[in-house]
Amino acid sequence: MTPHPPPDPVSAGPRLLTPGPSAVAEAVAALHAGALIGLPTETVYGLAGDATNPDAVAAIFAAKGRPSFNPLIIHCADWSAASALGQFSEAARTLAQIHWPGPLTLVVPRSQGSPVVPAATAGLSTVALRVPAHPVARRILETFGRPVAAPSANPSGRLSPTDPRHVIQGLGDRVALVLAAGRTAVGLESSVVDCTTDPVTLLRPGAITLEMLIQAVGAAVTGAGADRNDPAQRPRSPGLLLRHYAPTKPVRLQARDGFTPAEALLTFGPNPFLGHGARWVRNLSARGDLAEAAANLFAFLRDADEDEQTTAIAVAPIPETGLGVAINDRLSRAAAAAGEEPDA
Ligand code: TXA
Ligand code: MG
């Protein structure tokens with residue numbers, strides 16, 4: 001007995017499946033057929049397709065409305081699968097050893113003869129590789145046995161999905177099915193580290209912090225600033241554009257006062273100021289835990305975005321330490337005025 005009606009390709013539309021043996025088999029069959037699936041990872045849900053199938057890769061770019069110059073992350077079951085697709089420096093190897101499986105993406109030179117289709121890496125000579133830790137993602141990758149391209153499962157430039165329902169909301173029937181494994185644990189996308197530089201460069205902050213990189217390999221620098229501030233320069237990480245991860249409504253940062261009845265406030269910490277005058281207030285973490293705040297961030301921003309009476313979103317100061325760096329990075333992109341730079 002399957003808990004789902006038999007698939008009808010015309011009218012069934014996207015479906016949320018509880019991950020179990022039959023759902024995993026169905027998801028892997030969909031990948032083999034070149035279809036796209038919503039894949040839970042420990043960071044955010046991915047829009048997953050066969051990285052060796054040009055049609056599946058093209059469908060990912062089309063579903064997201066993603067510019068073709070913005071390369072995808074290639075997900076692998078384990079080190080042995082990943083190391084076949086790229087050339088790992090000593091630093092890259094060390095980072096993989098320490099932090100895989102986990103929320104870390106390593107940019108390395110592509111291997112000669114890699115089966116990953118060039119469009120997936122936007123024609124670059126490098127490839128972004130990640131071995132996710134989520135048990136469902138791992139089971140899919142192991143069973144499928146091929147590399148899987150998976151950007152976050154949201155329309156380009158919008159908030160990443162931390163709940164399976166967000167995937168359906170954003171992408172509708174562009175996904176054949178979504179493996180629904182509840183809310184994601186980390187809540188922010190993986191740290192992206194360019195291992196083609198010496199020292200390595202943290203391109204996108206995430207749960208693996210600059211301090212953790214330095215601890216692992218002795219030295220690391222952050223490179224997002226250069227990418228962001230020079231629109232003329234082709235960004236080294238093309239997805240790291242100024243306005244990204246954005247709700248549709250204006251976002252006001254470092255908000256301490258001056259709240260209006262049209263404003264929703266996201267606050268942080270055990271002694272949040274009251275947000276007097278705001279339409280509503282939610283605390284990202286009342287106990288001041290940055291991991292909890294990261295896990296709540298995108299869902300709370302969505303709630304504010306979807307509330308019809310709210311016309312603007314205010315966010316209280318978040319400490320710039322540990323995961324706070326990644327939270328503030330996403331918030332500053334969410335707050336950048338639309339039109340300052342193209343979405344990606
Ligand atoms: O946590 C995550 O990383 C999620 C889950 C699904 O794994 N995926 C994700 O993918 O966030 P996406 O496509 O939304 O973000 C990938 C980032 C983009 O900023 C992209 O430009 C960058 O990685 N990237 C990919 N390939 C690259 C490359 N060869 N060189 C530099 N940056 C690259
Ligand atoms: Mg994304």
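Start with the largest nonpolar core of this predicted model. This core has 41 residues. To find its centre of contacts, select Ile-74, Leu-95, Trp-100, Leu-106, Leu-129 and Val-193, the residues with the most contacts inside the core.

Next, colour the elements that give two or more residues to this core: α2 (54-64), α4 (90-99), β5 (104-109), β6 (126-130), α6 (164-171), β10 (200-204) and α7 (210-217). The largest share, four residues, comes from α2.

Now select Ile-74 alone and show what surrounds it. Leaving aside neighbours within four places in sequence, Ile-74 is in contact with Ala-51, Leu-85, Val-116, Ala-120, Val-127, Ala-128, Leu-129, Arg-130, Pro-147, Val-148 and Ala-149. A second core is separate from the one just visited and has 26 residues. Select Val-186, Leu-290, Phe-300 and Ala-334, which are among them.

Go back to strand β5. Is this strand mostly covered or mostly uncovered? Mostly covered: five of the six residues of β5 are buried. Show the strands paired with β5. To β9 (residues 191-194), β5 is joined by four bridges, and the two run parallel. Two places to look are Leu-104, which stands opposite Ser-191 in β9, and Thr-105, which stands opposite Val-192 in β9. To β6, β5 is also joined by four bridges, but here the strands run antiparallel. Select Pro-109 to see it opposite Thr-126 in β6.

Stay with β9 and turn the view to see each face. Ser-191 and Val-193 lie on one side, Val-192 and Asp-194 on the other, and all of them are buried, leaving both faces of β9 covered. Then add β10, which pairs with β9 in the antiparallel sense over three bridges. Val-193 stands opposite Leu-202 in β10; Val-193 is also one of the residues with the most contacts inside the largest core. Follow the chain from β9 to β10: the two form a hairpin, with five residues between them.

The last stop is a pair of helices, α1 (residues 21-32) and α5 (residues 135-144). Their axes come within 10 Å and cross at roughly 55°. How do the two helices lie relative to each other, oblique or parallel? The angle is over 35 degrees and under 65, so α1 and α5 count as oblique to each other. Their crossing is right-handed. To display the contact, select Val-24, Ala-27, Val-28, Leu-31 and His-32 of α1, together with Arg-139, Ile-140, Thr-143 and Phe-144 of α5.

Notes
Residues numbered from 1 in each chain as written. Chains lettered and ligands numbered in written order. Predicted model: local features only at pLDDT ≥ 70, side-chain atom pairs only at ≥ 80, totals over all residues. Heavy atoms only, no water. Core = buried A, V, L, I, M, F, W, Y, C linked by side-chain atoms within 4.5 Å. Buried < 20%, exposed > 50% of the residue type's maximum accessible area, 1.4 Å probe, protein only. Contact = heavy atoms within 4.5 Å. Pairing = 2+ DSSP bridges. Axes fitted to C-alpha atoms, helices over the stretch in contact; angles between N-to-C directions. Parallel < 35°, antiparallel > 145°, perpendicular 65-115°, else oblique. Left-handed = near helix turned anticlockwise from the far one by under 90°.
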